[in-house]
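Thanks, everyone. Please bring up the model and keep the sequence beside it.

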Amino acid sequence: MSKTFKLDGREIPFETGQTIMDAALAAGVYIPHLCHNPELAPHGSCRVCLVDIGERQVSACTAAASEGMEVDSSSETIQATRRAILQMLFVEGNHVCPACEKSGACQLQAVAYYTGMLAPHFTHFFPRRPVDASHPDVVIDFNRCILCELCVRASRDHDGKRVFAISGRGLESHLVIDSPSGLLGDSCFAAADKAAHVCPTGAILPKGRGYETPIGERLYDREPISIVGDVRAHEEEVV
């Protein structure tokens, strides 16, 4: 008999070693997340997947599933915490959703809608961030980076290149590129790299393409992310 735990009252089977997120997704139950990618080591940095276990809040992507635990992922308290985290992510960057070519196919935007976030709430920081278009095939807009480190992990653990890293602390944290000039065009990054295809926002985009899918036909225009799933699973539709 397989082991199970309860997620919002539903029995979720799991194997030893699986996280709450792994088991939930395998059972077809969606838990909002941004920095989680089953192909990469869990990181727990975005905290959007916070769930309640008794008196504790833990990130579902790093907490191990255990027999008999009762997990709350849908209470208004949890959803309010997620909305606050997302509201902070939006004001810490420069996300121009109405004009962004990723609008309607952006995981950050889709998760915000899923949790009921309709406004930033906090005061915008309007940080001064550059756009790096030095690479022949890919452009990086640092304004849209949410520091999820998916590109960092993909470049390091999958591509074996370590092109990206996070520098600074707190509000000064930012994505940096390992090249003599600090520009992507002077690094060993390639458009075929895993790191070029894991960004949940529009921070890393291919050149020469954009606005190809009309509004109303984009990935999350018709169904919520809880049904559609992550951007990574629909790469051919959104790039």
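Let's begin with helix 3. What covers its buried residues? Helix 2 and helix 5 are among the elements that do. A quick caution: this is a predicted model.

Back to helix 3. How many of its nine residues are buried? Seven are, and the helix is mostly covered. Run through them with me: Gln107, Leu108, Gln109, Ala110, Val111, Ala112 and Thr115. Just past the helix comes Gly116, with a positive phi near 90°.

Now hold on to Leu108. Leu108 is buried in helix 3, and it also belongs to the largest nonpolar core. That core has 45 residues. Which members touch the most others? Leu34, Leu86, Leu108, Phe164, Leu184 and Phe189. Several elements feed this core. Helix 2 (76-92), helix 3 (107-115), strand 7 (138-141), helix 4 (150-158), strand 9 (174-177) and helix 5 (225-228) each give at least two residues. In general, nonpolar side chains tend to be buried together in soluble globular proteins.

Zoom in on Phe189. Leave out residues up to four places away in sequence. Phe189 then touches His135, Val138, Lys161, Val163, Phe164, Leu184, Ala195 and Ala196. Two of those names, Phe164 and Leu184, were also on the core list a moment ago.

There is a second core, separate from this one. It has 20 residues, including Leu7, Val51, Ala65 and Val71.

Next, aromatics. The structure holds three aromatic pairs. One of them joins Phe5 and Phe14. Their centres are 5.8 Å apart, the planes sit at 55°, and the pair is tilted. Are these two rings buried or exposed? Both are buried.

Another pair is Tyr30 with Tyr114. The centres are 5.0 Å apart and the planes are at 85°, so this one is edge-to-face. Where do the partners lie? Tyr30 is in the loop between helix 1 (20-26) and strand 3 (50-53), and Tyr114 is in helix 3, so the pair ties together parts 84 residues apart in sequence. Tyr30 is buried, at 12% relative accessible area. Tyr114 is partly exposed, at 31%.

Last stop: Glu15. Find it in the loop between strand 2 (10-14) and helix 1. Its relative accessibility is 54%, so Glu15 counts as exposed. Now look across to Glu67. The two sit 52 residues apart along the chain, and their C-alpha atoms are separated by 9.9 Å.

That's my tour. Over to you.

Technical notes
Residues are numbered from 1 along each chain as its sequence is written. This is a predicted model: local features need pLDDT of at least 70, side-chain atom pairs count only at pLDDT 80 or more; totals for chains, interfaces and linings use all residues. Side-chain values use heavy atoms; hydrogens and water are left out. A nonpolar core is a set of buried Ala, Val, Leu, Ile, Met, Phe, Trp, Tyr and Cys residues joined through side-chain atoms within 4.5 Å. Buried means under 20% relative accessible area, exposed over 50%, partly exposed in between (1.4 Å probe, protein chains only). Helices (H or I, at least four residues) and strands (E, at least two) are DSSP runs, numbered from the N terminus. Contact means heavy atoms within 4.5 Å. Rings of Phe, Tyr and Trp (its six-membered ring) pair if their centres lie within 6.5 Å; planes under 30 degrees apart count as stacked, over 60 as edge-to-face and the rest as tilted.
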